[in-house]
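Dear colleague,

Here is the structure I promised to hand over, with the sequence alongside. Please have it open while you read, since my notes on what was found follow directly below.

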Amino acid sequence: MQVADSLLALVDQAPPSDLSAPEEGNEAAAAPSALLALLRACRTTGQWQLARLVLEMAPGHGFPPSVATLNEAIAACAAQGAAAEAQEIFDSLAAAGLEPDAGSYGNLLEAYHAAGQWVEVSAKQ
């Protein structure tokens with residue numbers, strides 16, 4: 001938990017250009033690029049648990065959930081075959097009042113594929 005808090009403190013210190021408001025129609029810019037970069041680093045290094053923790057702690061640092069950040073966390077889970085956790089994050093989109101996009105669905109399908117759980121995906125449809 002201390003590591004995630006320290007990492008989010010670094011995001012807090014990102015240059016203002018990284019924290020600017022998104023351009024209309026640019027979903028990925030809804031979250032600071034520094035936060036997205038942190039979540040991508042978690043994905044590429046196999047740290048899905050850290051990505052989840054960062055995602056949980058981000059609102060306390062002034063970064064509410066966005067489709068882009070949730071998609072990165074789902075992708076981090078998918079990269080390690082953590083399908084149940086990816087599903088929980090996917091489900092949190094609706095709880096946050098956000099609509100899943102093609103990336104959300106694709107990352108979730110990738111998580112179930114990596115976990116070898118195609119039957120579960122079929123049952124959810």
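Asn107 counts as buried, because its relative accessibility is 16% and the cut-off for a buried residue is under 20%. Please keep in mind here, and throughout, that this is a predicted model. Asn107 has its place in helix H6, and, when residues up to four places away in sequence are not counted, Asn107 touches Asn71, Ile74, Ala75 and Ala78.

Helix H6, which covers residues 102-114, also has helix H5, residues 83-95, as a partner: the axes of H5 and H6 come within 8 Å and cross at roughly 160°. Angles over 145 degrees count as roughly antiparallel, and H5 and H6 are therefore roughly antiparallel to each other. The handedness of the crossing of H5 and H6 is left-handed.

As for the residues that make up this contact, H5 contributes Ala83, Ala86, Gln87, Phe90 and Leu93, which meet Ser104, Tyr105, Leu108, Ala111 and Tyr112 of H6. Sorted by character, the residues of the contact of H5 with H6 comprise eight that are nonpolar and two that are polar, with no charged residue among them.

Elsewhere in the chain, you may wish to look at Gln49, which is found in helix H3, residues 48-57. Gln49 has a relative accessible area of 46% and is therefore partly exposed, a class that lies between the cut-offs of 20% and 50%. Although Gln49 and Ala76 are 27 residues apart along the chain, their C-alpha atoms are separated by 8.5 Å.

Turning to the protein chain as a whole, its secondary structure comes to seven helices and zero strands, so that, read from the N terminus on, the elements run α-α-α-α-α-α-α. The protein chain has 125 residues, of which 38% count as buried. If one considers the contacts between residues at least 6 apart in sequence, 63% of these join residues that are at least 24 apart. Finally, the accessible surface of the protein chain comes to about 6,800 Å², and 54% of that surface belongs to carbon and sulfur atoms.

With best regards

Definitions and conventions. Residues numbered from 1 in each chain as written. Predicted model: local features only at pLDDT ≥ 70, side-chain atom pairs only at ≥ 80, totals over all residues. Heavy atoms only, no water. Axes fitted to C-alpha atoms, helices over the stretch in contact; angles between N-to-C directions. Helix = DSSP H or I, 4+ residues; strand = E, 2+ residues; numbered from the N terminus. Parallel < 35°, antiparallel > 145°, perpendicular 65-115°, else oblique. Left-handed = near helix turned anticlockwise from the far one by under 90°. Contact = heavy atoms within 4.5 Å. Nonpolar A, V, L, I, M, F, W, Y, C, P; charged D, E, K, R; others polar. Buried < 20%, exposed > 50% of the residue type's maximum accessible area, 1.4 Å probe, protein only. Areas by Shrake-Rupley, 256 points an atom, 1.4 Å probe, with all protein chains shown as cover.
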